Amino acid sequence: MKLDVLAFAAHPDDCELSCSGTLAKLKSQGKKIGIVDLTRGELGTRGTVEIRNQEAEASSKILKLDARENLDMRDGFIEISEANKLKVVQMLRKYKPTIVFANAIVDRHTDHGRAAELIEQSIFISGLVNVKTTLNGKEQESWRPKQVFHYVQFQYIKPDVIVDITANWETKEASIKAFGSQFYDPKSKEPKTLISSEGFMDIVRSRAIEYGSAIGVKYGEGFTTHTAVNYNFLNLL
């Protein structure tokens, strides 16, 4: 199945927090969208891998994803290795996305920046015909998307592109709240973390308002890119 957009995430819920509004907008326009999580988020202070798997499935239904996969890399120890690059290349060649979204180029969590670089390097390699990968015993064709955009996460980054997600804010918020083990729950007995604090969703909302105000709308999501930008990048699809 060819996807129009494939979003990569170091951890389940990275995409929900940072680019789910854009994914929901694209889905409403009839585009095919998917997420590939690199890890299971097994080092998370709250919840379990099994719970986060269930939460990712619930979020996928909210976002109406056409595909979601997990590459089972080590949470907290994502490496830019040959083996990990080939895992990403296999996904790129499987889904043949026109556009890729990836983690922030720099962020508070060190996995995020490493994941961003891993995706960038893998995209280049995926276009090389002499790099061989197989899927279900069949050799895959080389593939390179037209553009890669990095979403913004906890650390502020001035975006190159801002997408109006005003009409998609409720879907974004619902997809985040699907990860109930990770975010604020006054009844939870689990240890408190930055993202489980009562005010964390206010930070997410404030960022969306800040980016939205820059383009004259209520809510926005920001992206950066290393390459020349088609500011109306949705027309690439």
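The following conversation concerns selected helices, salt bridges and surface residues of a predicted model.

Trainee: Where is Asp111 placed?

Mentor: Asp111 belongs to helix 5, which spans residues 110-126.

Trainee: Is Asp111 buried or exposed?

Mentor: Asp111 is buried, because its relative accessible area is 0%, and the cut-off for buried is under 20%.

Trainee: Which residues is Asp111 in contact with, leaving aside its neighbours within four places in sequence?

Mentor: With those neighbours set aside, Asp111 is in contact with Ala10, His11, Asp75, Gly76, Phe77 and Ile78. For Gly76 there is also a distance to report: a polar atom of the Asp111 side chain lies 2.6 Å from the backbone nitrogen of Gly76.

Trainee: Turning to charges, how many salt bridges does the structure hold?

Mentor: The structure holds 14 salt bridges. In general, side chains of opposite charge can pair when their charged atoms come close.

Trainee: Which residue forms a salt bridge with Asp72?

Mentor: The partner of Asp72 is Arg40, and their closest N and O atoms are 2.6 Å apart. This pair links distant parts of the chain, the two residues being 32 residues apart. Asp72 lies in the loop between strand 3 (67-70) and helix 4 (82-95), while Arg40 lies in the loop between strand 2 (33-37) and helix 3 (49-63).

Trainee: What is the relative accessibility of each partner?

Mentor: Asp72 has a relative accessible area of 46% and is partly exposed. Arg40, at 24%, also counts as partly exposed.

Trainee: And which residue pairs with Glu69?

Mentor: Glu69 forms a salt bridge with Lys94, with 2.6 Å between the closest N and O atoms. Here too distant parts of the chain are linked: Glu69 is in strand 3 and Lys94 is in helix 4, 25 residues apart. Glu69 counts as partly exposed at 21% relative accessibility, and Lys94 is partly exposed at 29%.

Trainee: What about Lys132; how far apart are the closest N and O atoms in its salt bridge?

Mentor: Lys132 forms a salt bridge with Glu139, and the closest N and O atoms of that pair are 3.5 Å apart. Elsewhere, Glu173, Lys177, Asp202 and Arg205 are joined into one network by salt bridges that share partners.

Trainee: Moving to helix 6, which of its residues are buried?

Mentor: In helix 6, residues 169-177, the buried residues are Trp169, Lys172, Glu173, Ser175 and Ile176. They lie on the same side of helix 6, because they cover an arc of only 160° around the axis.

Trainee: Why would residues three or four places apart point the same way?

Mentor: An α-helix has 3.6 residues a turn, so residues at that spacing point the same way.

Trainee: What is on the face turned away, and what covers the buried residues?

Mentor: The face of helix 6 turned away from the buried side carries the exposed residues Glu170 and Lys177. The cover over the buried residues includes helix 1 (14-18), helix 2 (20-28), helix 3, helix 7 (200-214) and strand 9 (220-224).

Trainee: What more is there on Trp169?

Mentor: Trp169 is buried, with a relative accessible area of 5%. Leaving aside neighbours within four places in sequence, Trp169 is in contact with Val204, Arg205, Ala208 and Tyr219. Trp169 and Gly21 are 148 residues apart in sequence, yet 6.1 Å apart in space, C-alpha to C-alpha.

Trainee: Finally, which residues form the nonpolar patch on the surface?

Mentor: Phe154, Leu194 and Ile203 form that patch, with about 230 Å² of accessible area together. Phe154 is in the loop between strand 7 (147-151) and strand 8 (161-164), and counts as partly exposed at 35% relative accessibility.

Notes
Residues are numbered from 1 along each chain as its sequence is written. This is a predicted model: local features need pLDDT of at least 70, side-chain atom pairs count only at pLDDT 80 or more; totals for chains, interfaces and linings use all residues. Side-chain values use heavy atoms; hydrogens and water are left out. Helices (H or I, at least four residues) and strands (E, at least two) are DSSP runs, numbered from the N terminus. Buried means under 20% relative accessible area, exposed over 50%, partly exposed in between (1.4 Å probe, protein chains only). A polar contact is a pair of N or O atoms within 3.5 Å; within protein, one must be able to donate a hydrogen and the other to accept it, and residues adjacent in sequence count only if both atoms are side-chain atoms. Contact means heavy atoms within 4.5 Å. A salt bridge is a side-chain nitrogen of Lys or Arg within 4 Å of a carboxyl oxygen of Asp or Glu. Patches are made of residues with over 30% relative accessible area and no salt bridge: like charges are joined within 9 Å, nonpolar side chains (Val, Leu, Ile, Met, Phe, Trp, Tyr) within 5 Å. Accessible areas come from the Shrake-Rupley method with a 1.4 Å probe; for residues, only the protein chains shown count as cover. The arc is that of the directions from the helix axis to the C-beta atoms.
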